[in-house]
Amino acid sequence: FRSSLSDLKLIVMSWFFCLFIGSLPLQTTLHIMDRFFLEGICVFFQVTLAIFKLCEKEILKCTRPEEVCAIVKRKHHFFEELNYTAIKFKDRVTAELIYHLRKTHSAYLFANLKVSLRDTIIQDFKNHTKLSNSKLSFLFDCFFARIKDSNHLLEYDDFVKVFRDVMPWWEFRTDLFRPTFQFFDLNNDGKIDFGEFAIGLGKLCTGSLGERFECCWKIHNYSFDEGIDQTGLYMILDALHRTYFGETVVDLNNFIKMIFEKMNKKKDKLDSKLTYNDLFQLLIVDPLLANFFQITI
């Protein structure tokens with residue numbers, strides 16, 4: 001039967017949603033409504049099974065759902081027989097059984113809904129980040145495992161927990177949790193949704209060199225026109241290294257000294273600070289430094 005009529009569920013759903021109105025003769029429908037108000041939802045299941053039992057031979061010959069509906073509508077004189085057959089199911093199809101089956105099926109249903117929701121969200125944000133499907137899927141699971149808000153938003157404390165789950169090396173820079181939260185919070189509402197988290201993490205971890213450097217610069221609360229000293233640049237590059245390698249893999253102190261030496265030589269003066277634009281102007285005119293910066297950071 002299932003192989004010859006795959007739309008069985010749609011037929012039954014239409015009966016339930018409309019309370020059999022328009023699907024059965026009026027007298028039969030009114031009697032079903034009386035029993036429903038008296039005995040509850042189990043009556044609909046009993047009546048449905050009775051219909052299939054009484055019309056079994058004819059329904060098995062059907063190949064389209066509308067044929068089943070037509071057969072049931074033609075049954076103008078089987079009120080007593082339908083009622084008698086439905087009552088036979090009364091002891092077997094109880095409210096307790098329906099509750100148990102619904103509870104069992106709901107776990108399967110919610111699991112499928114979660115997978116479907118995850119796939120939909122991942123496809124929506126795939127074009128907004130450079131994160132792979134597998135990374136977005138992992139991020140989705142980590143994010144929603146920590147959700148407590150009914151609106152699926154992360155507050156700061158839960159954000160820190162998720163961030164530690166996906167970027168454990170950030171633990172070495174706990175001073176950056178709060179500014180990172182503020183950087184991810186694009187609409188400044190004090191909470192992070194999955195889109196904001198995915199986009200922010202995508203820029204921070206898989207963006208271009210310029211995007212990742214810009215993220216780290218902003219997270220350290222520096223304006224683009226603000227000059228920073230060697231210590232400030234060290235903090236930024238250290239964070240940038242950790243987002244890419246998980247640790248600092250080069251001698252940043254010597255590298256930073258080289259940057260400042262080249263900058264001072266370019267400006268032909270001693271300067272203890274450089275701006276965001278100073279650094280990128282330096283990279284443009286110094287291929288060796290740019291190559292070192294690109295490969296190692």
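These legends describe close-up views of a predicted model.

**Figure 1. The whole chain is helical in its secondary-structure elements, with 16 helices and 0 strands.** The protein chain has 297 residues, and 40% of them count as buried. Its accessible surface comes to about 17,400 Å². Carbon and sulfur atoms own 56% of that surface. Among contacts with a separation of 6 or more, 58% join residues 24 or more positions apart.

**Figure 2. Two residues in the loop between α1 and α2 have a positive phi: Leu19 and Phe20.** The loop runs between α1 (8-17) and α2 (26-39). Most residues other than glycine have a negative phi. Leu19 is not a glycine, yet its phi is about 55°. Phe20 is not a glycine either, and its phi is about 70°. Which of the two counts as buried, and which as partly exposed? Leu19 has 25% relative accessibility, so it counts as partly exposed. Phe20 has 0% relative accessibility, so it counts as buried.

**Figure 3. A nonpolar surface patch is made by Leu10, Met13 and Phe17.** The patch covers about 360 Å². Met13 sits in helix α1. At 41% relative accessibility, Met13 counts as partly exposed. An α-helix has 3.6 residues a turn, so residues three or four places apart point the same way.

**Figure 4. Phe52 of helix α3 is a buried residue.** Helix α3 spans residues 42-54. Phe52 has a relative accessibility of 19%. The cut-off for buried is under 20%, so Phe52 falls on the buried side. What does Phe52 touch, leaving out residues up to four places away in sequence? Its partners are Leu8, Val12, Trp15 and Ile59. Two of these names, Leu8 and Val12, fall within the residue range of α1 (8-17), as does Trp15. Val68 is 16 residues from Phe52 in sequence. In space, the two C-alpha atoms are 9.7 Å apart.

**Figure 5. Helix α9 carries a set of buried residues under cover from other helices.** Helix α9 spans residues 156-166. Its buried residues are Tyr156, Asp158, Phe159, Val160, Val162, Phe163 and Val166. Which helices are part of the cover? They include α8 (133-145), α10 (177-184) and α11 (194-206). Tyr156 also has a charge over its ring. The charged end of Arg178 sits there, 3.6 Å from the ring centre.

**Figure 6. Phe140 and Phe194 form one of the 24 aromatic pairs found in the whole structure.** Their ring centres are 5.7 Å apart. Their planes stand at 75°, so the pair is edge-to-face. Phe140 belongs to helix α8 and Phe194 to helix α11, so the pair ties together parts that are 54 residues apart in sequence. Both residues are buried.

**Figure 7. Phe184 and Phe197 form an edge-to-face aromatic pair.** The centre-to-centre distance is 5.7 Å, and the angle between the planes is 80°. Phe184 is in helix α10 and Phe197 in helix α11. The pair links distant parts of the chain, 13 residues apart. Are these two rings on buried or exposed residues? Phe184 is buried, with a relative accessible area of 0%. Phe197 also counts as buried, at 0% relative accessibility.

**Figure 8. Ring pairs link aromatic residues into a cluster.** The cluster takes in Phe140, Phe143, Phe144, Tyr156, Phe159 and Phe163. It also includes Phe177, Phe181, Phe183, Phe184, Phe194 and Phe197. Tyr156, Phe159 and Phe163 are among the buried residues of α9. The edge-to-face pair of Phe140 and Phe194 involves members of this cluster. So does the edge-to-face pair of Phe184 and Phe197.

**Figure 9. Leu153 is buried in the loop between α8 and α9.** Its relative accessible area is 19%. Which residues does Leu153 touch, not counting those up to four places away in sequence? They are Ile147, Lys191, Ile192 and Asp193. Glu196 lies 43 residues from Leu153 in sequence. The C-alpha to C-alpha distance between them is 10.0 Å.

Terms used. Residues numbered from 1 in each chain as written. Predicted model: local features only at pLDDT ≥ 70, side-chain atom pairs only at ≥ 80, totals over all residues. Heavy atoms only, no water. Helix = DSSP H or I, 4+ residues; strand = E, 2+ residues; numbered from the N terminus. Buried < 20%, exposed > 50% of the residue type's maximum accessible area, 1.4 Å probe, protein only. Contact = heavy atoms within 4.5 Å. Areas by Shrake-Rupley, 256 points an atom, 1.4 Å probe, with all protein chains shown as cover. Phe/Tyr/Trp six-rings, centres within 6.5 Å; stacked < 30°, edge-to-face > 60°. Lys NZ or Arg CZ within 6 Å of the ring centre and 35° of its normal. Patch = residues over 30% accessible without salt bridge, like charges linked within 9 Å, V, L, I, M, F, W, Y side chains within 5 Å. Salt bridge = Lys/Arg side-chain N within 4 Å of Asp/Glu carboxyl O.
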